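Please work through the exercises below with the sequence and the model open beside you, and try each task before you read its solution.

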Amino acid sequence: MRAVNPFREWPMRKLFIKTYGCQMNVYDSDRMADLLAPLGYGVVETPEDADMVILNTCHIREKAAEKVYSELGRLRALKDAKAESGGKMLIAVAGCVAQAEGAEIISRQPSVDMVVGPQSYHRLPEMIARVTRGCSAVLETEFPVEEKFDSLPEERISRGASAFLTVQEGCDKFCTFCVVPYTRGAEFSRPPADIEREARRLVNSGVREITLLGQNVNAYHGNGPDGKDWGLARLIRALADIDGLERLRYTTSHPRDMDDELIAAHGELEKLMPYLHLPVQSGSDRVLSAMNRQHGRDDYFRLVERIRAARKDIALSSDFIVGFPGETDKDFDDTMDLVRQVGFAGAFSFKYSPRPGTPASLESQLPDEVKHARLQSLQALLFEQQSAFNKSCEGKIFSVLFEKAGRKQGQAVGRSPYLQPVHAEGALSLIGTLHKVRIAAALPNSLRGVLVEADARTQAKEFAH
Ligand code: SAM
Ligand code: SF4
């Protein structure tokens, strides 16, 4: 595969990045590619023969580190093969496993050249220089978060119609199950002016939809150009004024930080998509308190009511953890009850996974069979709700942002306002644009649509006959 690099024609170095975990890691991987492009690195889709491989890792649930070590074993063989043919492959481990394991990675897998935490990856060019000058493996796991955003290139390689933009990092909430405050550090918000500049550049490169990212995105509070503290709602209003930007989303939000202004923005801003990811984790007050979530189940119900009052067509998704230490059958029933009462269009659900260094990992753990059975019941209910929501979309007309070619000839795939993948025939030339689509059928995980003009033309033809 030919490596593509907009900065240099040739010679070209091949960069392979494997991304694990959340959208924030996807954003970070893209930014690492932007950072290395001026050094002649172009992204390729397989690690064979790459000059540099980065594993951008996630530590949120169990076995993450083990997966990384087995991937490193495979990469070692590729590195040896490259060395035998006279070449050199550099291997870097980035992301939250790098932050959590640090030097342990290099001692367990000496073929690793660089270990870089999520707040220090702007130092990669300098780290590469040190390694190629013959230094032994290099480690960077500090938390200089402001420095990172200031050091990343302003230019971003164009990657399609929809883009992520990190506005906030880290977390101060310390939920008792979560490693994020330890691996990503304290909460930090980027200044609105920097975010707006990055958003305008994205739009100029063809982006039509931006998803604002943060581990706790609605805790955003940046120092505005007017000298005032801007919350997420104020930031979204400013970005909604950018011509050519058609859609805005944000994730992941915490129920505690959904303030009145943000709820009002959902009712007022057409560009803010009517789909909100609002993790609740559990429907039991007892478990929510043990998780240190800082809200109860009734708070969540009241919040959902207010959001739905502001924007009637909004759909919700959520995250759930089952089998948290001490969770009883009654607690789990409360979660099932909350799901039935709220009704979700989609959701992610996980078995509780003890994370080293977090308070809940020290508690006595539930047997895996219990976690497994609860997860099965919850996922069955959530799937039922997702299918019902998709079915309710049949016959509706949605604006779809087409992003890529589909599997069938002439077909393109885009996203509805509710993030559902929508396939439509004859839409290939519409990639990168928004187009009206009538939803013809709901499939288990996607929708089949017909372009509205094409639909109208077909009907007119049928009528003429
Ligand atoms: N900040 C978000 C919030 O407050 O809900 C969550 C961000 S976290 C990166 C993404 C999701 O991973 C969480 O919502 C939770 O459901 C899940 N998660 C985090 N730690 C977990 C653990 N130890 N075991 C199982 N799932 C976990
Ligand atoms: Fe983790 Fe989210 Fe809780 Fe922060 S608010 S500790 S990111 S689950």
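The exercises that follow concern a predicted model, and each one is solved step by step.

**Exercise 1. Find which residues are closest to ligand 1, and describe the shell around this ligand by class.**

Step 1. Start with the residues around the ligand: 16 residues surround ligand 1, and the closest are Gln 215, Gln 281, Arg 293, Asp 319 and Ser 353.

Step 2. Sort the shell by class, which gives six nonpolar, five polar and five charged residues around ligand 1.

Step 3. Look at individual atom pairs, beginning with the backbone. A nitrogen atom of ligand 1 lies 2.7 Å from a polar backbone atom of Gln 215, and a backbone N or O atom of Phe 177 is 2.9 Å from a nitrogen atom of ligand 1.

Step 4. Turn to a side chain: a polar side-chain atom of Arg 293 is found 2.9 Å from an oxygen atom of ligand 1.

Step 5. Ask how much of the ligand is covered. On its own, ligand 1 has 560 Å² of accessible area, and the protein covers 90% of it.

Step 6. Finish with the elements that give two or more residues to the shell around ligand 1, which are β15 (315-322) and β16 (346-351).

**Exercise 2. List the residues around ligand 2 and state how they divide by class.**

Step 1. Read off the residues around ligand 2, which are Cys 171, Lys 173, Phe 174, Cys 175, Phe 177, Cys 178, Val 180, Pro 181, His 254 and Arg 293.

Step 2. Divide this shell by class: seven residues are nonpolar, one is polar and two are charged.

Step 3. Compare with the contacts from the exercise before. Phe 177 and Arg 293 belong to the residues around ligand 2, while Phe 177 also has a backbone N or O atom 2.9 Å from a nitrogen atom of ligand 1 and Arg 293 has a polar side-chain atom 2.9 Å from an oxygen atom of ligand 1.

**Exercise 3. Check the length of helix α12 and work out where its buried residues lie.**

Step 1. Helix α12 runs through residues 297-310, and its 14 residues should span 20 Å at 1.5 Å a residue; the end C-alpha atoms are 20 Å apart, so the expected span and the model agree.

Step 2. Identify the buried residues of α12, namely Arg 297, Tyr 300, Phe 301, Leu 303, Val 304 and Ile 307.

Step 3. These residues cover an arc of only 165° around the axis, and therefore they lie on the same side of α12.

Step 4. Look at the face turned away from the buried side of α12, which carries the exposed residues Glu 305 and Ala 309.

**Exercise 4. Repeat the length check for helix α1 and state how many of its residues are buried.**

Step 1. The 14 residues of helix α1 (residues 23-36) should span 20 Å at 1.5 Å a residue, and the end C-alpha atoms are 20 Å apart, which agrees.

Step 2. Count the buried residues: 12 of the 14 residues of α1 are buried, so that the helix is mostly covered.

Step 3. Locate some of them in the model; the buried residues of α1 include Met 24, Tyr 27, Asp 30, Met 32 and Leu 36.

**Exercise 5. Describe the peptide bond between Thr 251 and Thr 252 and the surroundings of these two residues.**

Step 1. The bond that joins Thr 251 and Thr 252 is a cis peptide bond, with omega at about 5°.

Step 2. Place the two residues: Thr 251 is in strand β13, whereas Thr 252 lies in the loop between β13 (247-251) and α10 (260-268).

Step 3. Thr 251 counts as buried because its relative accessibility is 8%, and buried means under 20%.

Step 4. Add the side chains of Thr 251 and Thr 252, which are joined by a polar contact of 3.3 Å.

**Exercise 6. Decide whether Gln 281 and Leu 419, two residues with positive phi, are buried or partly exposed.**

Step 1. Gln 281 is not a glycine, and its phi is near 75°; the residue sits in the loop between β14 (275-277) and α11 (285-290).

Step 2. The relative accessibility of Gln 281 is 7%, so this residue counts as buried.

Step 3. Leu 419, also not a glycine, has a positive phi of about 70°, and its place is the loop between β18 (412-415) and β19 (421-424).

Step 4. With 32% relative accessibility, Leu 419 therefore counts as partly exposed.

Note on methods:
Residues are numbered from 1 along each chain as its sequence is written. Chains are lettered from A and ligands numbered from 1 in the order in which they are written. This is a predicted model: local features need pLDDT of at least 70, side-chain atom pairs count only at pLDDT 80 or more; totals for chains, interfaces and linings use all residues. Side-chain values use heavy atoms; hydrogens and water are left out. A residue is near a molecule or strand if one of its heavy atoms lies within 4 Å of it. A polar contact is a pair of N or O atoms within 3.5 Å; within protein, one must be able to donate a hydrogen and the other to accept it, and residues adjacent in sequence count only if both atoms are side-chain atoms. Accessible areas come from the Shrake-Rupley method with a 1.4 Å probe; for residues, only the protein chains shown count as cover. Helices (H or I, at least four residues) and strands (E, at least two) are DSSP runs, numbered from the N terminus. Ala, Val, Leu, Ile, Met, Phe, Trp, Tyr, Cys and Pro count as nonpolar, Asp, Glu, Lys and Arg as charged, and the others, Gly among them, as polar. The expected span of a helix is 1.5 Å times one less than its number of residues. Buried means under 20% relative accessible area, exposed over 50%, partly exposed in between (1.4 Å probe, protein chains only). The arc is that of the directions from the helix axis to the C-beta atoms.
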